[in-house]
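Student: I should like to work through this model by question and answer. May we begin once the structure is in view?

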Amino acid sequence: MEDWAEIRRLYRAEGVPIKEIARRLGVARNTVRAALRSDGPPKYQRARRGSVADAYEPQIRALLREWPRMPTPVISQRIGWPYSEGPLKKLLARIRPEYVGIDPVDRVTYQPGELAQCDLLIREPATGHVVWNDGLLLVDP
């Protein structure tokens, strides 16, 4: 990423030729050309490797459709899982939320600006005592 920024700086700001940039930085000219053509710095993206659990995913999904909270050991027994439970647990952690409904005891979270609380306080003019207090909760859908 540092080379990418340096290549672009040398070429655009200082007007250094591609051949000279390649010599200074010790990279190929095609690398310099690719850096100049790209919109952003290079990113490493690893392709997702397959898992032993991928072959069992349709069976697992069928079970979760019917019983979304079925425990992992029961699922492994029903599908005839021959491996350790680690890969199965990872797959279940990824796909189970699609089948389990909203848990009523989960903590509700709001983004900034979605929620406001207004307190209405009415005082008696003569004594200054609170006559009525109502907390009003406003939620932006």
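Student: Which residue just after helix 5 takes a positive phi, and of about what value?

Tutor: The model is a predicted one. Helix 5 spans residues 72–79, and the residue to examine comes just after this helix. The residue with the positive phi is Gly-80, at about 70°.

Student: Which residues of helix 5 are buried?

Tutor: Buried here means under 20% relative accessible area. In helix 5, the residues that meet this cut-off are Thr-72, Ile-75, Ser-76 and Ile-79.

Student: Why are these buried residues on the same side of helix 5, and what arc do they cover?

Tutor: An α-helix has 3.6 residues a turn, so residues three or four places apart point the same way. The buried residues of helix 5 are Thr-72, Ile-75, Ser-76 and Ile-79. They lie on the same side of helix 5 because the arc they cover around the axis is only 100°.

Student: Which residues are exposed on the other side of helix 5?

Tutor: Exposed requires over 50% relative accessible area. On the side of helix 5 opposite the buried residues, the exposed residues are Gln-77 and Arg-78.

Student: Which helices are included in what covers the buried residues of helix 5?

Tutor: The cover is defined by contact, with heavy atoms within 4.5 Å. For the buried residues of helix 5, it includes helix 4 (57–66) and helix 6.

Student: Which helix gives the most to the largest nonpolar core?

Tutor: The largest nonpolar core has 13 residues, and among those with the most contacts inside it are Ile-75, Ile-79, Trp-81 and Leu-92. Helices 4, 5 and 6 each supply at least two residues of this core. The greatest contribution, 4 residues, comes from helix 6.

Student: Which residues does Leu-92 touch, not counting residues up to four places away in sequence?

Tutor: Leu-92 is one of the residues with the most contacts inside the largest core. Leaving out residues up to four places away in sequence, Leu-92 touches Ile-60, Leu-64, Thr-72, Ile-75 and Pro-97.

Student: Is Val-108 buried or exposed, and what is its relative accessible area?

Tutor: Val-108 is placed in the loop between helix 6 (85–95) and strand 1 (115–123). Together with Tyr-110 and Leu-115, Val-108 forms a nonpolar surface patch with about 280 Å² of accessible area. Since exposed means over 50%, Val-108 is exposed, and its relative accessible area is 57%.

Technical notes:
Residues are numbered from 1 along each chain as its sequence is written. This is a predicted model: local features need pLDDT of at least 70, side-chain atom pairs count only at pLDDT 80 or more; totals for chains, interfaces and linings use all residues. Side-chain values use heavy atoms; hydrogens and water are left out. Patches are made of residues with over 30% relative accessible area and no salt bridge: like charges are joined within 9 Å, nonpolar side chains (Val, Leu, Ile, Met, Phe, Trp, Tyr) within 5 Å. Accessible areas come from the Shrake-Rupley method with a 1.4 Å probe; for residues, only the protein chains shown count as cover. A salt bridge is a side-chain nitrogen of Lys or Arg within 4 Å of a carboxyl oxygen of Asp or Glu. Buried means under 20% relative accessible area, exposed over 50%, partly exposed in between (1.4 Å probe, protein chains only). The arc is that of the directions from the helix axis to the C-beta atoms. A nonpolar core is a set of buried Ala, Val, Leu, Ile, Met, Phe, Trp, Tyr and Cys residues joined through side-chain atoms within 4.5 Å.
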